[in-house]
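Please read these points with the coordinates open. They cover confidence, packing, rings, charges and backbone, in that order.

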Amino acid sequence: MKFDPITKEVYTDNGEFLKAMHCPFKMRWDDLEPENAQKRKCSTCDRFILDTKDLTDETLMKIVSQNADTCLKIDLNQKNIKVISSAIRRQK
């Protein structure tokens, strides 16, 4: 999985666009209501937020294709994330 922290866009390792992330409430993971180890609920918007640290590209693609409004938690230090930069791509 690739993530651009500038544009907040998520891609597969092959560069296929998955989702642009946006949370107007700027919720912190620790402030969300635990549902299980991988999912928490936001009491402000009543949506579930899915932790992506153990997900494969294929699993994430399936989840997002079933519900494009799925909220995601991405930690820039998780092992399955490659941080990319649209600013660097634009300079080339």
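1. Aromatic pair, partly exposed member. At 43% relative accessibility, Phe17 counts as partly exposed. Its partner is Tyr11, and the two rings form an edge-to-face pair. The centres are 5.7 Å apart and the planes stand at 75° to each other. Tyr11 is buried, at a relative accessible area of 13%. The pair therefore joins a buried ring, Tyr11, to a partly exposed one, Phe17. A search of the whole structure finds one aromatic pair, and this is the one described here.

2. Confidence. The model is predicted, and every point in this note should be read with that in mind. The average pLDDT of the protein is 90, and 93% of the residues score at least 70. Among the elements, strand β1 (residues 2-4) has the highest mean pLDDT, 96, and helix α2 (residues 86-91) the lowest, 54. Where pLDDT is low, the predicted coordinates should not be read in detail. For helix α2, with its mean of 54, I would keep that caution in view.

3. Main core. The largest nonpolar core has twelve residues in all. Met1, Phe3, Val10, Leu18, Met21 and Leu50 are among them. The list is completed by Leu55, Leu60, Val64, Leu72, Ile74 and Ile81. A second core, separate from this one, has five residues, including Trp29, Leu32, Ile49 and Cys71.

4. Leu60. Which residues does Leu60 touch, not counting those up to four places away in sequence? They are Met1, Val10, Leu18, Thr52, Leu55 and Leu72. Of these contacts, Met1, Val10, Leu18, Leu55 and Leu72 are also listed in the largest nonpolar core. Leu60 is placed in helix α1 (residues 57-66), and at 0% relative accessibility Leu60 counts as buried. As a distance reference, the C-alpha atoms of Leu60 and Ala37 are 16 Å apart in space, with these positions 23 residues apart in sequence numbering.

5. Charges over rings. Two lysines deserve a look here. The charged end of Lys39 sits over the ring of Phe48, at 4.7 Å from the ring centre. The charged end of Lys73 sits over the ring of Trp29, where the distance to the centre is 5.4 Å. Trp29 is also a member of the second nonpolar core.

6. Salt bridge across the sequence. The whole structure contains five salt bridges by the search used. In one of them, the side chains of Lys82 and Asp13 meet at 3.2 Å, N to O. Lys82 lies in strand β8 (residues 82-83) and Asp13 in the loop between β2 (9-11) and β3 (17-20), so the pair ties together parts that are 69 residues apart in sequence. Both ends are partly exposed: Lys82 has a relative accessible area of 45%, and Asp13 one of 34%.

7. Lys41 and Asp46. What is the distance between the closest N and O atoms in the salt bridge of Lys41 with Asp46? The value is 3.0 Å. Lys41 is partly exposed, with a relative accessible area of 23%, whereas Asp46 counts as exposed at 51%. The cut-off for exposed is over 50%, so Asp46 falls in that class.

8. Charged network. Salt bridges that share partners join Arg28, Asp30 and Asp31 into one network. Within this group, Asp31 forms a salt bridge with Arg28, with the closest N and O atoms 3.8 Å apart. Asp31 is partly exposed, at a relative accessible area of 48%.

9. Positive phi. Two residues other than glycine should be checked on the backbone plot. Lys8 has a phi near 65°; this residue lies in the loop between β1 and β2 and is partly exposed at 40% relative accessibility. Asp46 has a positive phi of about 70° although it is not a glycine. The place of Asp46 is in the loop between β5 (39-41) and β6 (48-51). Asp46 thus combines a positive phi with the salt bridge to Lys41 described above.

Note on methods. Residues numbered from 1 in each chain as written. Predicted model: local features only at pLDDT ≥ 70, side-chain atom pairs only at ≥ 80, totals over all residues. Heavy atoms only, no water. Core = buried A, V, L, I, M, F, W, Y, C linked by side-chain atoms within 4.5 Å. Buried < 20%, exposed > 50% of the residue type's maximum accessible area, 1.4 Å probe, protein only. Contact = heavy atoms within 4.5 Å. Phe/Tyr/Trp six-rings, centres within 6.5 Å; stacked < 30°, edge-to-face > 60°. Lys NZ or Arg CZ within 6 Å of the ring centre and 35° of its normal. pLDDT = per-residue confidence, 0-100. Helix = DSSP H or I, 4+ residues; strand = E, 2+ residues; numbered from the N terminus. Salt bridge = Lys/Arg side-chain N within 4 Å of Asp/Glu carboxyl O.
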